[in-house]
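Dear colleague,

I am passing on the structure we spoke about, and below it you will find my notes on what turned up. Please keep the structure open as you read.

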Amino acid sequence: MTVHRGSILLVDDEEKILKALGRALRGAGHEVVETSNPRQALRLLFERPFDVLVVDNVMPETSGLELIREFMAGAADTRGGARSGAGPGRSDRDTEGRPSTGSGRAEREVEGRGSATAGDDRPQIVMMTAHATVESAIEAMKLGAFDYLQKPFEIDELLVVVGRAIEHQRLRTEYRYLLNERDEQFDHYGIIGRSRAMVDVIRRAERVAETKSTVLITGETGTGKELVARAIHDRSAQRHMPLIKVNCAAIPETLLESELFGHVRGAFTGAMTTKKGKFALADGGTIFLDEIGTMTPALQSKLLRVLQEREFEPLGAERSEKVDVRVIAASNRDLRQMVADNKFQEDLFYRLNVIPIDIPPLRERREDIPPLVEQFVRKHAQRTGRRIERIEDGVLSAMQQYDWPGNVRELENTIERAVVLSQGPVITARAVSVMGASTPQTSGLPSLKLRQNIEWVERETIRRALDSAAGVKKDAAELMGISQRALSYYLAKYRLD
């Protein structure tokens, strides 16, 4: 059974107990922050995320139950729009100092034990006290406590309860992540190929899956880099842990650091809550950094530190967090050339390029087209409920003559469209509309006017790219080597949208 490390906030007014429990938890590999001051504990809870809060109930300044109640009220207010007065020090009263009605508490009680509210980074709570009563135990559970320990207890008992709480917190975090990911469709183009090049790719992926080495996957857009990353993770010893994917090109550079490393509350304008980054979510598993070549030099330096030291600092945090994660990076750019051009850090390149896997473009492995077509026909016929018996004579050989600039992704989009548009059980050449044979390469220009010819080339390039990408603007922009913002500009300019 895998024992997961976690971050623990330990609160007890008795210094001897505080130090003894802290030593035991650190000895088990956990990161522990100790405090005998409930008010300081409340501030810490709002400043940074913890996996588990272990708190004594009976303390001179305030009780553990009251501390939990205040934290839950502040956390609920922050999630609900940061009402005036939310945060550390807020009591169970309204903003004008009057005692609150029971409705707010009732809503918090409904959330109950281990709730998985999206955006909720609250810790699991373990209450401990020498004055246990049924009433206080029930109240703690209603407020969201995970478990309850009665003093005196054995250290081993604490370690078991904390271990279960950390595992519960990890499952809750993964569940929230899956909720965010469930609407994002993954294109299963499939690692299929008869060619020697693809056989080598598959064999190398299988070998590297047995290790925790960093992997750099290179290849043109649409060749299947993400699928190879998923295959490596699914065959690794960490397959039961999360695979967190980050498209570095799709996230604005001003937000990418926070997305990767997280931030604490108040780290920047609009940071109303503490948020875990993708590296923290991937702890114990794998993080897939797609389009790594778009990363800014400043972020490259921070990523290099993670690879070297296995630690990072969330935005606004004062201390580093350790992380145990396997990094798989991917790029459709020539990173070696970017290093030569001083656009990519040399040290980072060599840290990433421990196990290189290069996926060749489809035009260099045309013998893989028939099995890919067969798979995509079967997949999309089943998905759409169509009965497809065969492909018309000559269509498959025509497909093998086409260069497929969008690679496997373009091929799948073409087959999906052909399955949908076919009027019978046979896919005809007419249904396969995006191919070199059916997209004539016009050699002549519309005029001798330079500006008019440039505009014609721009329109034609955009039209063909959109056609190849089945209308997906992100993919079309990648095919043309421009940003999505630039594509939006040209679509508006030529009224193509």
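H263 sits in the loop that joins α9 (253-261) to α10 (278-281), where helices (H or I, at least four residues) and strands (E, at least two) are DSSP runs numbered from the N terminus. The model is predicted, and for that reason local features need pLDDT of at least 70 and side-chain atom pairs count only at pLDDT 80 or more, while totals for chains, interfaces and linings use all residues. Residues are numbered from 1 along each chain as its sequence is written, and side-chain values use heavy atoms, with hydrogens and water left out.

With a relative accessible area of 8%, H263 is buried; buried means under 20% relative accessible area, exposed over 50%, and partly exposed in between, with a 1.4 Å probe and protein chains only. Its side chain makes a polar contact of 2.8 Å with the side chain of S258, a polar contact being a pair of N or O atoms within 3.5 Å, of which, within protein, one must be able to donate a hydrogen and the other to accept it, and residues adjacent in sequence count only if both atoms are side-chain atoms. Once neighbours within four places in sequence are set aside, the residues in contact with H263 are S258, F268, A271, T273, T274, K275, P314 and L315, where contact means heavy atoms within 4.5 Å.

The helix before this loop is itself largely covered on one stretch: L256, E257, S258, E259, L260 and F261 of α9 are buried, and what covers the buried residues of α9 includes β7 (243-247), α10, β8 (286-290), α11 (297-309) and β9 (311-312). E259, at a relative accessible area of 19%, is buried, and it touches I251, K275, G277 and K278 when residues up to four places away in sequence are not counted. Just after α9, G262 takes a positive phi of about 80 degrees.The largest nonpolar core has 32 residues, and those with the most contacts inside it are F279, L289, I292 and F344; a nonpolar core is a set of buried Ala, Val, Leu, Ile, Met, Phe, Trp, Tyr and Cys residues joined through side-chain atoms within 4.5 Å. At least two residues of this core come from each of β7, α9, α10, β8, α11, β11 (326-331), α12 (335-340) and α13 (346-352), and α11 gives the most, with five residues. L289 touches V246, C248, L260, F279, L303, V327, I328, A329 and A330, leaving out residues up to four places away in sequence. A second, separate core of 24 residues includes I68, A137, A140 and Y148.

For the chain as a whole, there are 19 helices and 14 strands, and buried residues make up 48% of its 497 residues. Among contacts between residues at least 6 apart in sequence, 71% join residues at least 24 apart. One pair that is distant in sequence is V201 and P360, which are 159 residues apart in sequence and 9.2 Å apart in space, C-alpha to C-alpha. V201 belongs to helix α7 (residues 196-209) and counts as buried at 5% relative accessibility.

Further along the chain, helix α18 (residues 473-480) and helix α19 (residues 484-493) pack at an angle of about 100 degrees with their axes 9 Å apart, the axes being lines fitted to C-alpha atoms, for helices over the stretch in contact, and the angles running from 0 to 180 degrees between N-to-C directions. That makes α18 roughly perpendicular to α19, since angles of 65 to 115 degrees count as roughly perpendicular, under 35 as roughly parallel, over 145 as roughly antiparallel and the rest as oblique. K473, K474, A476, A477 and M480 of α18 meet Q484, L487 and L491 of α19 in this contact.

Some backbone details remain. Most residues other than glycine have a negative phi, and most peptide bonds are trans. The peptide bond from K151 to P152 is cis, with omega near -5 degrees, and P152 lies in the loop between β5 (145-150) and α6 (155-181). N342, although not a glycine, has a positive phi of about 60 degrees; N342 is found in the loop between α12 and α13 and counts as exposed at 71% relative accessibility. N407 also has a positive phi of about 60 degrees without being a glycine, but N407 is found in helix α16 (residues 407-421) and is buried, with a relative accessible area of 0%.

With best wishes
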